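Trainee: Before I use any of the labels attached to this structure, I would like to know what each of them rests on. Could we go through them one by one?

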Amino acid sequence: MRMYGERLRALAGAVLVVSVAVACGGQGDDGATPATVTTTAPTTAHGTGTGTGTGTGAHASPTAPAPRFDAEVGLPDGRRVGMAYVEGRGLVERHRDADSSGWSAPRVVHSTATDRCQSLTLKVFGGTVAVIADWGSYCYDGEPPMESLAAVGKGDLTRWDTNLTRGFDGWSKVASVGGSGDLVFTRSSTEWLTRLRWSATDGFAKPEESRR
């Protein structure tokens, strides 16, 4: 009789445990356990965004933050290009098509850990994008740059031609050469005029200096 009583008490305890589990939110009537899904949004030019949603499966949609750029331009066909100085990485580029709201993954156009300067120039010539960017110690506070970049992208913007000049005060402007599609980056001082030519067929030539 004692053994039979112990079995009844054990059976009653098991029923109580099951009842508590159901009351505290175990599996529902459909057998699915509610879950919180955390997804990582695409990396922006300045970091990584995170979206959080709740549901019964992995279908929660993250809300990606809009990229932040130091300069952004539009092309004649409706595409857009944005670039940003990213500390510890260098110059980062993203673009999007005219019929899409999504930006491409961040692409490092020039890698450097040198401090950024203040200005960043993006200029469009037809379907070609020209870039002027500079870096240097204390350059953001007014010191001259130590690294001066000229860059050109065209076509699907997945490839960028770059030319880096060290110990140079930086390019002042970029302009097209007639109707050839070539571009020329220039820097002028009281004594010298420095030019850097780019062509779609040959890329960048060597810089040329001439007295003013």
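Mentor: Let us begin with two residues, Tyr85 and Trp135, which are both buried. Please keep in mind throughout that this is a predicted model.

Trainee: What makes Tyr85 and Trp135 an aromatic pair, and why is the pair called edge-to-face?

Mentor: Ring centres have to lie within 6.5 Å to count as a pair, and planes over 60 degrees apart count as edge-to-face. For Tyr85 and Trp135 the centres are 5.5 Å apart and the planes stand at 90°, so both conditions of the definition are met. By this rule the count comes to 4 aromatic pairs.

Trainee: Why can one say that the pair ties together separate parts of the sequence?

Mentor: Tyr85 belongs to strand β4 (residues 80-86) and Trp135 to strand β8 (residues 128-135), so the pair links parts that are 50 residues apart in sequence.

Trainee: Why is Val152 called buried?

Mentor: Buried means under 20% relative accessible area, and Val152, at 2% relative accessibility, therefore counts as buried. Val152 sits in strand β9 (residues 147-153). In the protein chain, buried residues make up 35% of the 212 residues.

Trainee: Which residues does Val152 contact, once its neighbours within four places in sequence are left aside?

Mentor: Val152 is in contact with Thr128, Val129, Arg159, Trp160, Asp161, Leu183, Phe185, Trp198 and Phe204. As for Thr128, its C-alpha atom is separated from that of Val152 by 7.0 Å, although the two residues are 24 apart along the chain.

Trainee: What makes a group of residues a nonpolar core?

Mentor: The members must be buried residues of the nonpolar kinds, joined through side-chain atoms within 4.5 Å. The largest such core has 18 residues, and of these Leu91, Leu120, Val131 and Trp160 touch the most other members. Strands β3 (71-74), β4, β7 (116-125), β8 and β9 each supply at least two residues of this core, while the largest share, 4 residues, comes from β8. A second, separate core of 13 residues includes Ala130, Ala150, Val152 and Trp198. As background, nonpolar side chains tend to be buried together in soluble globular proteins.

Trainee: Which residues does Leu91 contact, again leaving aside its neighbours within four places in sequence?

Mentor: The contacts of Leu91 include Met83, Ala84, Val108, Leu120, Val131, Trp135 and Leu149.

Trainee: How do you know that β3 and β4 are paired?

Mentor: Two strands pair if at least two bridges are found between them; 4 bridges join β3 to β4, which run antiparallel, so the definition is satisfied. Val73 stands opposite Val81 in β4. These strands belong to an open sheet of 4 strands in the order β3-β4-β5-β6, with antiparallel pairing.

Trainee: What makes β3 and β6 the edge strands of that sheet?

Mentor: Each of the two, β3 and β6 (107-111), pairs on one side only. From one strand to the next, the twist averages 20°.

Trainee: How many bridges support the pairing of β9 with β10?

Mentor: Strand β9 and strand β10 (residues 160-166) pair in the antiparallel sense over 7 bridges, and with at least two required, they therefore count as paired. Trp160 in β10 is the bridge partner of Gly153. The two strands form a hairpin with 6 residues between them, and Gly155 in the turn has a positive phi of about 65°.

Methods:
Residues are numbered from 1 along each chain as its sequence is written. This is a predicted model: local features need pLDDT of at least 70, side-chain atom pairs count only at pLDDT 80 or more; totals for chains, interfaces and linings use all residues. Side-chain values use heavy atoms; hydrogens and water are left out. Buried means under 20% relative accessible area, exposed over 50%, partly exposed in between (1.4 Å probe, protein chains only). Contact means heavy atoms within 4.5 Å. Rings of Phe, Tyr and Trp (its six-membered ring) pair if their centres lie within 6.5 Å; planes under 30 degrees apart count as stacked, over 60 as edge-to-face and the rest as tilted. Axes are lines fitted to C-alpha atoms, for helices over the stretch in contact, and angles run from 0 to 180 degrees between N-to-C directions.
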